[in-house]
Amino acid sequence: MLATVAAFLAVVGGTSLVAVGARWFRRDDSLPTLEGWALAGRQFGAPTTWLLLGGTIYTAYTFAAVPGMVYGAGALGFFALPYTVIVYPLAFVLLPRLWTAARDNGYITVADYVKGRYDSPPLALAVALTGILATMPYIALQLLGIRAVLTAGGLYPRGLAGDLALVAVFGVLAIATYRHGLRAPAVISIVKGAAIFGATLAVVAVVFDEMGGPGRMFETAAARHTALALEPALFPAFATLALGSAMALLVYPHVLTAAFAASGPDTLRKVTIALPAWTAVLGLFGVLGIAALAAGVDAPPGNAESAVPLLVEQLMPAALTGVLFGAFVVGALVPAAVMSIAAAALFVRNVYVEYFHPTATPKHQTRIAQAVSLTAKVGAVAFVFGLRNQDAINLQLLGGVWILQTFPAVAIGLFTTRLHRWALLAGWAVGMATGTLLVVWGGFSSVVSVGFGEVQVPVYAAVVAFALNMVVAVGLTPFFARSEEAVRA
């Protein structure tokens, strides 16, 4: 146990020291601006952007939840792999266009882009508030991921001591982000990449050796779980989960914030070509869910995410166990930091400056964003300690449904402005209401049944809401266009 703790502290402590050195990325000592703090001056090259985007997209909870889903639900849990394959061709096309529009017009947030593209502050406000609303529970989920993993590994002391340790880890992140903005998660992502890739390959090698190879491992797991092959009835759920999640990911504020920090569109194209390497690691984590089944790991009811930490503790050498648990913690710090920065930038640019203080100087905007970023982290900590774990999971599930409703205004707007701004706003409202009701009525399940009579098909609720969103936006566009023409006449 001592070796496990020592290795864990070495990874987390080393990361804390690296975060303090985020000033290494600063190129000048000019006056602070929101662009410099939130986007690091749009200066990151391909290696840094690859690490930052990968570290932002692949969260600690992702690495725990995917094998947990495979362990608990079988083959359906692997939807995350095609999802993270589908997303990169989309990113290759969309992210460079968005970056160019943002740089050319001085946009810092995605809502800035929407406002400029459609000349519609109300639509921009809807996109900004949706982004903030979807991001906040996502930050809390990173804390839950840390706590779940460490608890399963016996590294989370019960009671006040454990809570204070969690607050201390998050406190280092808060201080580093407050001072250095996006540069802090950029340097932390270097540690995350090395820790995740190195520890994963080592763990998988040990697991395959202990299990007698992947073939025998799958045979043993199949004898314990009957759903390792996807049932045909679940094909629509699998496909819509993969497609809807890929589309939603590209309009999350934290992903776009990391993308806007790149040095140019060519940098983003190179990065999106190389990002599937992170998917390969995620696939190996998914296989660890199969390994947990084969090893007979008994995860607590309702806590399938603990299956892999329990497997690691059961099979791995103590030092490697500590390194992997440290990698989980570091894995949570990068996305949590970028999420808080993205939420703060949205609030400052598209709520505070737009509606309360239009004459705010760049320095003042930066100070407000720093304060909001810190408040977001404190709020996430309070959320984790004040509510049940399931509440955060439910809200994050809703967040995925909500953020997809901004896709028409953001992504489709890159290619055409034929959809009227008021029609887009109406479609957004219908999609938000429909998606929320579907998830709540379904008992907070992301998969709902749609159809007529006895013909019911399981699909991702966000995709159903998105389809209605598009129907309303397309259907109302001619009406609003004619109304505007009549007013002008």
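## Aromatic pairs, salt bridges and core of a predicted chain

F407 and F466 are both buried. They belong to a predicted model, in which a search of the whole structure finds nine aromatic pairs. F407 and F466 form an aromatic pair with an edge-to-face arrangement, at 6.0 Å centre to centre and 85° between the planes. The pair links distant parts of the chain, since F407 lies in helix 19 (residues 407–410) and F466 in helix 21 (residues 461–488), 59 residues apart. A pair of aromatic rings is described by the distance of the centres and the angle of the planes. Elsewhere, one aromatic cluster is formed by W50, Y58, F197 and W278.

### Overall fold

The chain has 21 helices and two strands. Along its principal axes, the C-alpha trace spans about 75 × 65 × 40 Å. For 489 residues, a compact globule would have a radius of gyration near 23 Å, and the 22 Å of this chain agrees with that. Of the 489 residues, 56% are buried. Among contacts between residues at least 6 apart in sequence, 85% join residues at least 24 apart. The chain exposes about 19,100 Å², and 67% of this is supplied by carbon and sulfur atoms.

### Nonpolar core

The largest nonpolar core has 160 residues, and F63 and V207 have the most contacts inside it. Helix 16 gives the largest share of this core, with 21 residues. Leaving aside neighbours within four places in sequence, V207 is in contact with M217, L288, A291, L311, L315 and M316.

### Salt bridges

The count of salt bridges comes to five. The table gives some of them.

| Acidic residue | Basic residue | Closest N to O distance |
|---|---|---|
| D104 | R103 | 2.8 Å |
| E354 | K115 | 2.7 Å |
| D266 | R269 | 2.8 Å |

Where do the partners E354 and K115 lie in the chain? E354 is in helix 16 (residues 318–355) and K115 in helix 6 (residues 110–118), so the salt bridge ties together parts that are 239 residues apart in sequence. E354 is partly exposed, with a relative accessible area of 27%. K115 also counts as partly exposed, at 31% relative accessibility.

The salt bridge of D266 and R269 sits within one element. Both residues belong to helix 13 (residues 265–274), and because they are three residues apart, about one helical turn separates them. R269 is partly exposed, at 30% relative accessibility.

In the salt bridge of D104 and R103, R103 has a relative accessible area of 44% and is therefore partly exposed.

### The surroundings of F260

R103 also serves as a reference point for F260: the two residues are 157 apart in sequence, while their C-alpha atoms are 8.1 Å apart in space. F260 is found in helix 12 (residues 253–260). Is F260 buried or exposed? With 2% relative accessibility, F260 counts as buried, because the cut-off for that class is under 20%. Leaving aside neighbours within four places in sequence, the residues in contact with F260 are L39, R42, L98, W99, A102, I108, T109 and V110. R103, at 44% relative accessible area, is partly exposed, whereas F260 is buried.

Notes: Residues are numbered from 1 along each chain as its sequence is written. This is a predicted model: local features need pLDDT of at least 70, side-chain atom pairs count only at pLDDT 80 or more; totals for chains, interfaces and linings use all residues. Side-chain values use heavy atoms; hydrogens and water are left out. A salt bridge is a side-chain nitrogen of Lys or Arg within 4 Å of a carboxyl oxygen of Asp or Glu. Buried means under 20% relative accessible area, exposed over 50%, partly exposed in between (1.4 Å probe, protein chains only). Helices (H or I, at least four residues) and strands (E, at least two) are DSSP runs, numbered from the N terminus. Contact means heavy atoms within 4.5 Å. Rings of Phe, Tyr and Trp (its six-membered ring) pair if their centres lie within 6.5 Å; planes under 30 degrees apart count as stacked, over 60 as edge-to-face and the rest as tilted. A nonpolar core is a set of buried Ala, Val, Leu, Ile, Met, Phe, Trp, Tyr and Cys residues joined through side-chain atoms within 4.5 Å. The radius of gyration is taken over C-alpha atoms; the globule rule is 2.2 Å times the number of residues to the power 0.38. Accessible areas come from the Shrake-Rupley method with a 1.4 Å probe; for residues, only the protein chains shown count as cover.
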